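These are my notebook entries on one structure, written as I looked things up. I begin with a term that I needed before reading anything else.

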Amino acid sequence: MARRLAIVCAVLAAVAVGVPALAPAAPALQVGITDDAWLMFGPGTAEERATKLHDMGAEIVRVTLDWRRIESREGTFDWEREDATLDALRAQGITPILVLWGTPGWANGGRAANVPPGSAADFAEFAQEAATRYSWVRRWIIWNEPNQRRWLVPASPVLYVTRLLNPAGAAIKSVIPSATIAGGATAPRGGKGGTSPVDFIRGMGRAGARLDAYAHHPHPLSPAESPFKGGCDHCTTISMANLERLLTETRRAFGPRTRIWLTELGYQTNPPDKILGVRWGTQARDVAEAQRRAYLAPRVDVLIQYLVRDEQSTAAWQSGLETASGRPKPAMQSFTLPLVQVSRRGATTRVWGQVRPGDGARPYMLERFVGGSWTQVAQAQTTARGFLTRAVRATRGDRLRLVDPSTGMASPTLVVT
């Protein structure tokens, strides 16, 4: 009873006046993965899957804590799946971001998981239980895509802030004072009966949201979009192509110190999706360019690829780095070794890239395809975070690639334009 009273007091304080918000600056962009189904039920053991993520260069992994499953009966918790996944990630030195989502029936009158609990204190108590169990985790997200009705009914920013975000954030920080709490995790559009991300951000600001970071899912809204082109500057939707809108709206609503986490981004492929998919080579280019777009953007600390593996149903998401049967797409290489053309002047081409995994400055090679074989045109070391920017001799139509000499792995071919 005393514990529940303490949680209720924290909830009321958070809703009424907020809690002190800490906004630690990340040292550099971290690139990662989210794919809960693959993480928990994919091929091999949890340890083998975590090893694969490490070898792919995933620095951070978003994991959902499904309240509805974990506490299906009030006061009884089942953490077995989550323990196995998080222990495996921790052993590989991969940073987790934990997402709290899904209301159990006992907390909302037997309604669906997307209906919030009747009592904010119930969700806060679960948040505190999660924080106590995983007190070593420093990054937390409250809910998933609350601006869409399939994830929150109603898709109300006021309801989200007062019933979910502020209470859970206060509860987590009561256990982990240094925790970074992200709110939002909004979808790029509101959809039928939902709220656009722009309106949701503004509504959260008016409702007194307490957060350290704002999370968003800047998925493309059509196959014609790329990370740098095709967005709608005057719309209330927000994709990677009009990322500046997200930066502007969050700064106005929450202040200039609020960090930005792009916690779900996927470019679907054709095959298998003949309607929304792009060619495999285009996906590889977009995955690399998205990393540079996030790298350049102020306040962006996190970029997370969605998914590792295509979903089985072609009506579902086909944005994996490998097919449903496990065949790697070229995007697998561009996730680990992104290489992007920055500019070209005559025969001088400037490129940007990163080498992952690795610690500290690491060696890299740039190669050009000449006379039927690959020839080295540059060899140096990256920055301490693995990034590189380099000018090489290459003109329109030349083919370049980035090579990690420690593994022998090469990026997809970059054709100079």
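Before placing any residue, I noted that helices (H or I, at least four residues) and strands (E, at least two) are DSSP runs, numbered from the N terminus. I also wrote down that this is a predicted model, in which local features need pLDDT of at least 70 and side-chain atom pairs count only at pLDDT 80 or more, while totals for chains, interfaces and linings use all residues. Residues are numbered from 1 along each chain as its sequence is written, and side-chain values use heavy atoms, with hydrogens and water left out.

**Entry: Arg 362**

I looked up Arg 362 and found it in the loop between strand E10 (348–354) and strand E11 (363–370). For burial I used the relative accessible area: buried means under 20%, exposed over 50%, and partly exposed in between (1.4 Å probe, protein chains only). For charge, Lys and Arg count as positive and Asp and Glu as negative, while His and the chain ends are not counted. A salt bridge is a side-chain nitrogen of Lys or Arg within 4 Å of a carboxyl oxygen of Asp or Glu.

Which side chain of opposite charge is nearest to the buried Arg 362? It is Asp 359, at 5.6 Å, and Arg 362 has no salt bridge.

I then turned to polar contacts, which are pairs of N or O atoms within 3.5 Å; within protein, one must be able to donate a hydrogen and the other to accept it, and residues adjacent in sequence count only if both atoms are side-chain atoms. A polar atom of the Arg 362 side chain lies 2.7 Å from the backbone oxygen of Val 355, and a polar atom of this side chain lies 3.4 Å from the backbone oxygen of Ala 384. With contact taken as heavy atoms within 4.5 Å, and leaving aside neighbours within four places in sequence, the residues that Arg 362 touches include Val 355, Pro 357, Thr 382 and Ala 384.

**Entry: backbone details**

Pro 357, one of those contacts of Arg 362, lies in the loop between E10 and E11, and the peptide bond leading to Pro 357 from Arg 356 is cis, with omega near -5°. I found another cis peptide bond between Val 153 and Pro 154, where omega is about -5°; Pro 154 sits in the loop between strand E4 (139–142) and helix H7 (157–175).

Trp 143 is placed in the loop between E4 and H7 as well, and its phi is near 75°, a positive value in a residue other than glycine. Is Trp 143 buried or exposed? Its relative accessibility is 0%, so I counted Trp 143 as buried. Arg 299, in the loop between helix H10 (280–296) and strand E8 (300–305), has a positive phi of about 75° although it is not a glycine, and at 12% relative accessibility Arg 299 counts as buried.

**Entry: a sheet**

Two strands pair if DSSP finds at least two bridges between them. On that basis I recorded an open sheet of 3 strands in the order E9-E10-E13, with antiparallel pairing. Strand E9 (339–345) and strand E13 (387–393) stand at the edges with a single partner strand each, so one side of each has no neighbour in the sheet. E9 and E10 are joined by 6 bridges, and Gln 341 stands opposite Val 351 in E10.

**Entry: salt bridges**

How many salt bridges does a search of the whole structure find? The search finds 16. One that I followed up joins the side chains of Arg 62 and Glu 264 at 3.1 Å, N to O. This pair links distant parts of the chain, since Arg 62 is in strand E2 (residues 60–66) and Glu 264 in strand E7 (residues 259–265), 202 residues apart. Both Arg 62 and Glu 264 are buried.

The side chains of Arg 401 and Glu 367 also meet in a salt bridge, at 2.8 Å, N to O. Arg 401 lies in strand E14 (residues 399–404) and Glu 367 in strand E11, so the pair ties together parts that are 34 residues apart in sequence. Arg 401 is partly exposed at 22% relative accessible area, whereas Glu 367 is buried at 11%. I closed the entry with a network in which salt bridges that share partners join Lys 52, Arg 309 and Glu 322.
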